[in-house]
Amino acid sequence: MKIEGIIFDLDGVIVDTAHFHYLAWKKTAATLGFELTPELNEQLKGVSRIDSLQKILDWAGIEITQERFDFLTSDKNVDYLAHVATMSADDVLPGVREFIAKLKREGYRVALGSASKNARHILERVGMIDQFDAIVDGTNVSAAKPDPEVFLQGAELLGLQPQQCVVFEDSKAGVTAANNGGMVSVGIGKQEHLSHAHHVFENFEQIPTDFINLLTSEEVK
Ligand code: BG6
Ligand code: MG
């Protein structure tokens, strides 16, 4: 089936906010006496704010009250947004702006599929909000990645079948969500973390110019 829609995750794909999430969660974990390592953090990528804190608490073997849980998630977001406030148009990851502009020139439809409730704010900060034909974010979805809901909603808003869409993701959970949704998954990051993706590239500058056009004719695994 011809590929006609491209759905992008936000954090760690369009902007390097995955690192800001890591710094903020590392600080929260430290207040609980737990060290969040980069390896464990891979399991937080793509995961909602609430599920992320629950995972940290499970790893640490700690139980807290609902009140403290709510405080920690909102405190983490304040800390995260302080990092986001330093961002500008220069913080779009290398090659992404050009990649999306080319897709649009070639007639592909482009959507955002993010778990973040801060997605629109971040897209506005970096001047990318007008690049998307559809935006699905943490305020629209009820089932978190690896459930495919976020990407299925994106495809539907683009007026396309899942099989007509390619998803760009940096997280294990997000690649699984795309695969579960019947879409072509492209991992952005390290092969060792994203081996379940149909294709993996370190970053957008590594993607061959005609990659998306070639996908249409290729059989995906
Ligand atoms: C995802 C990130 O995009 O959004 C996760 O990969 C994050 O790390 C999730 O927890 C929710 O983001 P936010 O901005 O709503 O806390
Ligand atoms: Mg991500």
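## Strands and the sheet

Two strands count as paired if DSSP finds at least two bridges between them. In this predicted model, strand E5 (residues 184–188) and E6 clear that bar, since three bridges join these parallel strands. One of the bridges puts Gly187 together with Val200 in E6.

Zoom out, and that pair turns out to belong to an open sheet of six strands, with parallel pairing. Reading across, the order is E3-E2-E1-E4-E5-E6. Strand E3 (134–136) and strand E6 (199–201) sit at the edges with a single partner strand each, so one side of each has no neighbour in the sheet. From one strand to the next, the twist averages 20 degrees.

## A helix lying across the sheet

Now look for helix H8 (residues 172–180), which lies across strand E4 (165–169) and E5. H8 runs at about 170 degrees to E5. Its buried residues are Ala173, Gly174, Val175, Ala177 and Ala178. The cover over these buried residues includes helix H7 (149–158), along with E4 and E5.

Keep following the chain and, just after H8, you'll meet Gly182, which takes a positive phi of about 80 degrees.

## The magnesium site

Which residues hold on to the magnesium ion (ligand 2)? Asp9 (OD), Asp11 (O) and Asp170 (OD) coordinate the ion, at 2.0 to 2.1 Å. Along the sequence, these donor residues follow the spacing D-x1-D-x158-D. Asp9 and Asp170 link distant parts of the chain, 161 residues apart. Asp9 belongs to the loop between strand E1 (5–8) and helix H1 (17–31), while Asp170 is in the loop between E4 and H8.

Are Asp9 and Asp170 buried or exposed? The cut-off for buried is under 20% relative accessible area. Asp9 has 5% relative accessibility, so Asp9 counts as buried. Asp170 comes in at 7%, so Asp170 counts as buried too.

## Two domains

The domain assignment splits the chain into domain 1 (5–15 + 92–219) and domain 2 (18–84). Notice that domain 1 is written as two stretches of the chain. The C-alpha centres of the two domains are 24 Å apart.

Where the domains meet, domain 1 contributes 16 residues to the contact and domain 2 contributes twelve residues. The size of an interface is often given as the accessible area lost when the parts come together. Here domain 1 and domain 2 bury about 1200 Å² between them. Of that area, 54% is on carbon and sulfur atoms.

Methods: Residues numbered from 1 in each chain as written. Chains lettered and ligands numbered in written order. Predicted model: local features only at pLDDT ≥ 70, side-chain atom pairs only at ≥ 80, totals over all residues. Heavy atoms only, no water. Helix = DSSP H or I, 4+ residues; strand = E, 2+ residues; numbered from the N terminus. Axes fitted to C-alpha atoms, helices over the stretch in contact; angles between N-to-C directions. Contact = heavy atoms within 4.5 Å. Buried < 20%, exposed > 50% of the residue type's maximum accessible area, 1.4 Å probe, protein only. Donors = N, O, S within 2.8 Å, 3.2 Å for Na, K, Ca; no water. Domains from an automatic or database assignment. Buried area = accessible area lost by both parts, 1.4 Å probe.
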